Amino acid sequence: MTLVITDLERQWIPFEGEIEVIGPDSSILPCIGCFGCWTKTPGKCILKDAFCETGQKIGRCDRLVIVSECVYGGYSPFVKNVLDRAISYIHPYFCIRGGQMHHRPRYANAMDFQVYFYGDTTPQERETARKLAAANALNYDAKSHAVTFLEGRNPQAEASL
Amino acid sequence: MKILLINGSPKTKQSASAALLDDCKACFSRETEWRERHAARPVFSPEDAAALSWADGVVFVFPLYVDGIPSHLLSWLRQAERSGSIRPQTRIYGMVNSGFFEGEQNALALAMLKSWSRHAGAVWGQGLGIGGGGALTAIASVPLGKGPKRDLGRALGDLVRHIETGASAEERYVHVNFPRFLYIWSAQMGWRSQAKKNGLTRRDLDRRQ
């Protein structure tokens, strides 16, 4: 299953096949840093809205696609909010990966992690964005990762994600 | 020098960011005039705008979330940028802490804050990435520069000197002076004890729901 997390309206996502889209269809609560998704209801965010099961959904996908406006070299506030609320995808315990401390996986899925950024960017922001996708992929223990920058502010023109 | 401190933690108490801010305030000289705002929600208020306009230097202190800036603070920053309330020569400083041991893991969040400062028309001062943030509240009463806060004390002392003189400097990365394996062990004990308090067993931490 492909899971798409995006700040765009659904009709702008031209993916086909088995796909689930998490988009800005309803308002989202910000993460409150309580770690309840690790130590109270492990695997699920304790905040009650349409986004509390994102960690589980990531755990079921074999491809995670992020389509986001590039903001300061990172994701847009909405996409970042979804990701902040989904840290239950990983386990609270730690491991050493590439000589650095990271989290152990909770799920057995090995996913391909693909990020599509749109919007105006500077060369420095694109460098930060590339490193961000690599860092996320390492923390998610993803099988592969790729970053694509879509030209301009209107991703609708880019029909072949 | 007028310094605005922004606490970017969503927590109202017992946050590593608040502990870092306390250490930072303790380093300020008497001549430094500082104010503090808490950006705990994705809401940028007129009071926040007034505080930004007042400041010669702004220091953001926040936790690392998913390799970047927490979304509520990101939203706050975007609104702050659009408000145009920052004066052109304002210096921006950032202190980011993460639960990971290596301070370098905060580099991307600092790069994003640096990018924001450019968009907001301000000047980048310096970033400090701090590893082992999970221990900061537990060692809050340890004097800066001593024991587990030895390297943090040195780096924070230098950062405060740059803030007070309106200087810019290279990013710096430190971690708590504590062996990494012990830090990991105690962090994991912390998760277990938290789970127990919530009526769960150690095994429950592995749940996939």
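Where is A:Y72 found? Select A:Y72 in your viewer and you will land in the loop between β3 and α3 of chain A. Before you go further, keep in mind that everything on this tour belongs to a predicted model.

**Stop 1: the loop before α3 in chain A**

Stay on A:Y72 for a moment. This residue has a positive phi of about 55°, although it is not a glycine. Is A:Y72 buried or exposed? Its relative accessible area is 4%, so A:Y72 is buried, given that buried means under 20%.

Now select A:S76, in the loop between β3 (63-69) and α3 (77-84) of chain A. A:S76 is buried too, with a relative accessible area of 4%. Show the residues around A:S76, and leave out those up to four places away in sequence. In chain A you should find contacts with A:D7, A:S68, A:E69 and A:V71. A:S76 also touches B:L74, a residue of chain B. That contact leads us to the next stop.

**Stop 2: where α3 of chain A meets α3 of chain B**

Select both α3 helices, one from each chain. A short idea helps here: two packed helices are described by the angle between their axes and the distance between the axes. For α3(A) and α3(B), the angle is about 165° and the axes are 8 Å apart. That makes α3(A) roughly antiparallel to α3(B), because angles over 145 degrees count that way. The crossing of these two helices is left-handed.

Which residues of α3(A) and α3(B) meet? On the α3(A) side, select A:P77, A:K80, A:N81 and A:D84. On the α3(B) side, select B:S71, B:L74, B:S75 and B:R78. Colour this contact by class and you will get 2 nonpolar, 3 polar and 3 charged residues.

Zoom in on B:S75, which belongs to helix α3 of chain B. B:S75 is buried, at a relative accessible area of 17%. Setting aside residues up to four places away in sequence, B:S75 touches A:P77 in one chain and B:P42 in the other.

**Stop 3: the other partner of α3 in chain B**

Keep α3 of chain B (residues 71-83) selected and add α4 of chain B (residues 107-119). These helices pack at an angle of about 20°, with their axes 9 Å apart. Why are α3(B) and α4(B) called roughly parallel? Angles under 35 degrees count as roughly parallel, and therefore this pair does. The crossing here is right-handed.

To see the contact itself, show B:L77, B:R78, B:A80 and B:E81 from α3(B), together with B:L113, B:W116 and B:H119 from α4(B). These residues divide into 4 nonpolar, 1 polar and 2 charged. You have already met B:R78: this residue is also part of the contact of α3(B) with α3(A).

**Stop 4: the start of chain B**

Select residues 1-77 of chain B, where UniProt places the feature "domain: Flavodoxin-like fold" in an unreviewed entry. Over this stretch, the chain is 36% helix and 25% strand. The C-alpha atoms at its two ends are 23 Å apart.

Within chain B, pick helix α2 (residues 46-54). Its buried residues are B:D48, B:A49, B:A51, B:L52 and B:W54. What do they pack against? Show β1 (2-7), β2 (33-38), β3 (57-63) and α3 of chain B, and you have the answer.

Next, move to B:V66, in the loop between β3 and α3 of chain B. B:V66 has a positive phi near 45°, and it is a residue other than glycine. At 17% relative accessibility, B:V66 counts as buried.

**Stop 5: two last helices**

Go back to chain A and select A:A137 in helix α4 (residues 123-139). A:A137 counts as buried, at 5% relative accessibility. Beyond its neighbours within four places in sequence, A:A137 is in contact with A:F113, A:A142 and A:H145. Try the distance tool as well: A:A137 and A:D112 are 25 residues apart in sequence, and their C-alpha atoms are 8.5 Å apart.

Finish with B:M189, in helix α6 (residues 180-197) of chain B. B:M189 is partly exposed, with a relative accessible area of 35%. From its C-alpha atom to that of B:P42, 147 residues away along the chain, the separation is 32 Å.

Key
Residues are numbered from 1 along each chain as its sequence is written. Chains are lettered from A and ligands numbered from 1 in the order in which they are written. This is a predicted model: local features need pLDDT of at least 70, side-chain atom pairs count only at pLDDT 80 or more; totals for chains, interfaces and linings use all residues. Side-chain values use heavy atoms; hydrogens and water are left out. UniProt positions are given in the numbering used here, feature names are shortened, and annotations may be inferred rather than shown by experiment. Helices (H or I, at least four residues) and strands (E, at least two) are DSSP runs, numbered from the N terminus. Axes are lines fitted to C-alpha atoms, for helices over the stretch in contact, and angles run from 0 to 180 degrees between N-to-C directions. Angles under 35 degrees count as roughly parallel, over 145 as roughly antiparallel, 65 to 115 as roughly perpendicular and the rest as oblique. A crossing is left-handed if the near helix is turned anticlockwise from the far one by less than a right angle, and right-handed if clockwise. Contact means heavy atoms within 4.5 Å. Ala, Val, Leu, Ile, Met, Phe, Trp, Tyr, Cys and Pro count as nonpolar, Asp, Glu, Lys and Arg as charged, and the others, Gly among them, as polar. Buried means under 20% relative accessible area, exposed over 50%, partly exposed in between (1.4 Å probe, protein chains only).
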